[in-house]
Each structure stands twice: as structure tokens, then as C-alpha cells.
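Me: I would like a close look at a single part of this model, taken slowly and with its surroundings included. Please choose one sheet and describe how it is put together and what lies against it.

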Amino acid sequence: MPASATELFTSQGTLYQYAGKEGERPYYEPLGDVDGFTISLLKRKTPGASDNNSVEYIIAVSEGGDTVFEQPIGLELQLSYSAPAASVHWPAIIDEELETIAFRFAAPAGRAEQVTAAMRMQQFVELYNRCTYSLLTGYDEVDPEDEWYQYLGGATTREVVNEDATEPVFEFDAGHLTKASTGAGNICAAESLQFNRVLVVKKSNEEASLELQALPQTERGFDRAAMEKLVVRGIDETSTGTLLENGDVTMLLFGGRSAAVQQLDLARGTVVQEYKPGDLQVQSVAYANHTAASSGPVYTCLGRNVAFNIDVRMDPRSCVVMEDGKQPTDYALSSLRKDFTCHATSQNGYLVIGDGCGNIRLYTGPPGARKPSGGYFPKAAKTLLDTKTPIVDIDVTADGRYIVATTASFLLFIETKYVDSSDKESTGFQTRMGAKKPQPVILQPSPEQTLRMGGASTVHFQSAKFDRFPGTKELCVTASCRDFLLTWSLRAIESSQQSGRAVVSSAVKVGQTVLSTSANRTSNVGFLTGNDVGVVPVHEAKKEVSRTWTWGIK
């Protein structure tokens, strides 16, 4: 052990490597004598470091006093454990190849009655969870009784069950991925199902203008020859987002320096209205009730530290739907440490907001907005979830049951439904989620996908969304990670909550950094890059995710 390292845990056992099949069954081959290895968890500072952000944790395995290998612990490691076998399993690079390693714990010599192999495994997993939580939060000391450790601490480890199992997966059909070049300068896009068009908003060469391209979609992709272009003048060229209004004949643009929400008539290609709600900087806009058809003329806007509804039928200078005599600033969170970053709404108007500190707030409705039953929604969120890492994107299912929150390194799949202290079923949008809140599921690329992306240091998620396939409940989660698209089956994620198995994803490389994704058309995922718009088919299938294995003998 290096002199600079602190040993947090050590135990005897046997090191195995997954060796494929022996006959009809997969098996693990021992890499040395039974119980001849030592596994340790080490903590050390990186050279020249002074703060806890530069602390690293390491799994070290030795045999006869000689180091076999050391592997840094990271949130992407994906360690699993088997209680019946008293073993832990994880991916490792050995001789430049990705291998699956397992370590079976042994009971301490002379203490087998007091300390079993399963107990040593449980101690290892608990300390491993504290290490990953320390990396996530920057906390040097982790209190196992802390509410947020109990919520997030076990999310990076999964129980592996020694059984044959298949799970539903959504698979990309990479062979039929199609792209259409739009030229450089893409900003954002919207998809019109009514007119079968993808509308791309681009930078323009003229001041105070943006270019709009409309590409017809066909069964084989895009009809670029029929693409229509127009330059919209008198518009905020710094806009960053867009939404199609119900009917797909007008579009909202927002997120620019003008602090306005501009309404664009698509038939005329002109700005017909400009809304400046309270002169607040509007970062993003969402349909007030999840979709354009459900929301009508009402939209939920997000400012730096406040969210509120606007009604585009009202006077553009006073379009905020709020309690009489109040302003959006009356509902702002002045003590917010870092700004709001993203928001989403359910079909009945539930609101979820992420911020730069990693807090996720669940509201029954936008603070100060009018309730459907009368009265106004309160300023305080019903539930606050502290994930300890900045949230860069967020989405919620139509019924409000599930949230997917995007961080740079991973996705958090959060269930809002829970049983409260009175043993009554509720959701975090209606009442505060206390100690009984369900633990989130971490969604990540598989080890093989991470290698394809260039290693763990290159994994950087931009966004993740539930599908909006027509005529059905949500079926999948689709994410963008640099120039890759990934998708997970919602049914498989729900199954993972019960089985503990890691959720298998499908990935496809699109060649350029993905700016945004959409899953509005059945069996298709659309995407936008800086130079292209594209679509790739997806289909649901069954995939074998585990096989019953045996332990080999030296």
C-alpha cells in the first residue's frame, strides 16, 4: 500500500475472472489459490492536492503481498454484489481488454462463527457506497444516518441475482439512421406532427434575425429537396429555445438577452407578438400541462429563481397568471444558492425544477398561479430532493409518477409515488416525501458503451427525455451524451427497481455533438446537431441480461 494511502477496509478471499461458458453455463475462473487474495479499499489524495475534490478511492487486490491490480472507484464503475455467494462483481481493464472481475469473500480465520463471508461482503459494499457518495458530494466524512446518504448512497451498487433473465430493451436501428444537412449554426428545433415537418432555428448572417428551415419528413428520413427556408427579421437572435403552439401554426422563441417570449407566425414568417412577463429573464418555457394540446394558451416560464404561468391571450405587458396584487418577484427564492436550470410539467400541471446545486423541487403548480379548483399555489415546494450534483435537464411523465434528471455524469430516474407516514399512497407533488421515498435508479452507459465513447472521462450528458409517442404511455427514456444517443426501456427500469439488476441501454453514434432529441413519432427518435437534423428508428425487443453462472475450481 502506498505510504500516502489510508486503508479503509481489507479482507481475504478469492479473485475470479469471468471466463465465458463451460458447457452450457457461464463460469468464473479463479486467478489463483482459493482465499489467497486480499481486497482493500484505499483512500488517498492525488499528488499536490489540498482539497477533498482531489481525493480518490481505490479498489486494490493483492496476492501474497504483491499487488495484482488497483482500480480507481468512480460513479461509472457499476459495482454489483451477490449476497448468497458473498461476492462483488465489477468491470476492469486487464491487458487492455474489458473484463468482468469477481471477488468472493472468506470468513476471517478463527472467527467464522462471529463474522461470516456474507458480513464481510456487506461491510465492503457499505464502505464502497460511502466512497462513491463522498465523490459525489465532496464530503470527506459521510454520516450513514444522513437523510440524503440514505436516499442516494446505495444508488451506485446493484444486487446481481444468479439466474437466467431477459428484460425489454429499446434498440436503435443504426443501419437506418438518416441525416439531412442544414448547414452550420443550428440553435434549436421543433417537430410538427400535423404538417410532418421538422422546423430548425438557425443563426442568420443578418443582424436581429434568425433563419428558419422546414424539412418535410418521409418514411425514409427527410425530403431535403423540398426544404423551405426563410429569414425572420426583428427577432432576438440570441434565442435558445422554441415551442410550437397548439395547431402548429405559431411558434414561441425564448431564452435570449431581450428577456422576452416572442410569438412567430409561421405562415408569414414574422414576429406577431412579444411577451415580457414582469421584465424577468425567461430562461425556458414549457407547456403548462405537458403537451400543447393539453395546455392551450398557458405556458410555464422559468426565470433565474422563480417559475410562473403566462397566458398568451392576455395583454403582453401583463400576461402573468398570478394572485391579484402580486408579482413574480414575490414568489422568487431569494436565498437560492445557484440558479434554476430546467423545468418540466405533468399533464395536470405538476411542476418539477432542477437547479445548479443539484436540488430538485416538486410543486403542485407554479407558485402564485391559479389552481383549477380556485385559489393559488403556494410559494414553497411540496418536496425538495438534494442530489448533490448540478441538474442540467429534467423531464416528467404525463401522470407525474416518474422524473428523469440529467447530470453531466449520469441520469437519475426518480419515482415520485410513495407511501406516507400514515401508510397512505401519495406523490411528492402532493405531500412532502419523507424517509420512505423510493431510492432513485442511476442510468449510465454500459462499460462497453463507455469504452466506445472514449472512456469515463468523456461521458458528458446534455439531456434526457421521456418519449411522447402518440396514443400510449411513456415507453422509454432517450438521452444525448456528446455524439451518442442512448435509450432505456421504461419497463426495464421499473423492473430494475424490483430486481436490483442494472438497466441495459442501447446506444448509437451520430457523428456530431447532439444539441437536442425528440421522441414524438412512434418508433423513431429525432435529433439535432450543429449541422444536421436526423432520425433513427427504435424498436422494443427482449434481451438476455443475465445467465446462471458457476464458480470454477483451481
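Reply: In this predicted model, a good place to begin is Val-396, which stands opposite Ile-403 in strand 30. The two strands concerned, strand 29 and strand 30 (residues 402–406), run antiparallel and are joined by four bridges. They belong to an open sheet of four strands, in which the order is 29-30-31-34 and the pairing is antiparallel. Strand 29 (393–396) and strand 34 (441–443) form the edges of this sheet, each of them pairing on one side only. On average, and with direction ignored, neighbouring strands in the sheet are turned by 20 degrees against each other.

The sheet also has a helix lying against it: helix 5 (residues 490–499) lies across strand 30, strand 31 (411–415) and strand 34, and runs at about 70 degrees to strand 31.

As for the nonpolar packing, the largest nonpolar core of the model has 36 residues, and Met-251, Val-285, Tyr-299, Phe-308 and Ile-310 are those with the most contacts inside it. Strand 18 (residues 250–254) gives the most to this core, contributing four residues. Val-396, however, belongs to a second, separate core of 28 residues, which also includes Tyr-133, Phe-429 and Met-433. In soluble globular proteins, nonpolar side chains tend to be buried together.

To return to the larger core for one of its members, Val-285 is in contact with Leu-243, Phe-254, Val-261, Tyr-299, Thr-300, Cys-301 and His-343, once its neighbours within four places in sequence are left aside.

Note on methods:
Residues are numbered from 1 along each chain as its sequence is written. This is a predicted model: local features need pLDDT of at least 70, side-chain atom pairs count only at pLDDT 80 or more; totals for chains, interfaces and linings use all residues. Side-chain values use heavy atoms; hydrogens and water are left out. A nonpolar core is a set of buried Ala, Val, Leu, Ile, Met, Phe, Trp, Tyr and Cys residues joined through side-chain atoms within 4.5 Å. Buried means under 20% relative accessible area, exposed over 50%, partly exposed in between (1.4 Å probe, protein chains only). Contact means heavy atoms within 4.5 Å. Two strands pair if DSSP finds at least two bridges between them. Axes are lines fitted to C-alpha atoms, for helices over the stretch in contact, and angles run from 0 to 180 degrees between N-to-C directions.
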